[in-house]
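Dear colleague,

I am passing on the structure below, together with a short account of what came out of going through it. Please read the notes with the model open beside them.

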Amino acid sequence: MPYVQPEGAIRTLSGTYADAIFSNDGSKLFTVSGNTLSVIDPATGATITSFTIGTQLGAIDISLDGQYLAIVEEQPAGGAGIFYRVDLSTGSVSTFNLPGTSALHDIGFLANG
């Protein structure tokens with residue numbers, strides 16, 4: 001028996017994004033573009049909130065418990081690697097500088113957090 005997609009079930013976001021990831025429960029879509037992290041409601045496509053962080057955001061990942069986002073800075077000042085951790089329950093942003101590294105291109109949480 002063929003499956004018929006419900007009307008409006010597929011939406012398209014337009015724009016230029018470095019990366020995007022769904023929350024663990026699928027209720028939010030996190031996107032990065034330029035120096036903006038946007039939180040989008042995938043059901044409506046509406047932006048719930050946005051954060052201005054750093055200079056040029058790149059790869060993004062969400063922790064297994066869904067509490068944190070980690071985002072790399074693609075154009076770090078001074079050339080050392082930088083990533084940001086966003087606490088999704090409070091909205092606070094922490095900056096982590098990694099001396100001895102160059103610009104980061106990817107990031108991920110390990111299974112143990």
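From the N terminus on, the elements of the chain follow the order β-β-β-β-β-β-β-β, and the count accordingly stands at 8 strands and 0 helices. Please keep in mind throughout that this is a predicted model.

As for the overall dimensions, the C-alpha trace spans about 55 × 30 × 30 Å along its principal axes, while the accessible surface of the chain amounts to about 6,900 Å², with 52% of that area belonging to carbon and sulfur atoms. Of the 113 residues in the chain, 28% are buried. If one takes the contacts between residues at least 6 apart in sequence, 31% of them join residues that are at least 24 apart.

One residue that I looked at individually is Ala103, which lies in the segment after strand E8, the strand that covers residues 93-98. Its relative accessible area is 21%, and because buried would require a value under 20%, Ala103 is classed as partly exposed. Leaving aside residues up to four places away in sequence, Ala103 touches Glu74, Pro76 and Gly79. Thr47, by contrast, is 56 residues from Ala103 in sequence, and the C-alpha atoms of Ala103 and Thr47 are 29 Å apart in space.

With best regards

Methods: Residues are numbered from 1 along each chain as its sequence is written. This is a predicted model: local features need pLDDT of at least 70, side-chain atom pairs count only at pLDDT 80 or more; totals for chains, interfaces and linings use all residues. Side-chain values use heavy atoms; hydrogens and water are left out. Helices (H or I, at least four residues) and strands (E, at least two) are DSSP runs, numbered from the N terminus. Buried means under 20% relative accessible area, exposed over 50%, partly exposed in between (1.4 Å probe, protein chains only). Contact means heavy atoms within 4.5 Å. Accessible areas come from the Shrake-Rupley method with a 1.4 Å probe; for residues, only the protein chains shown count as cover.
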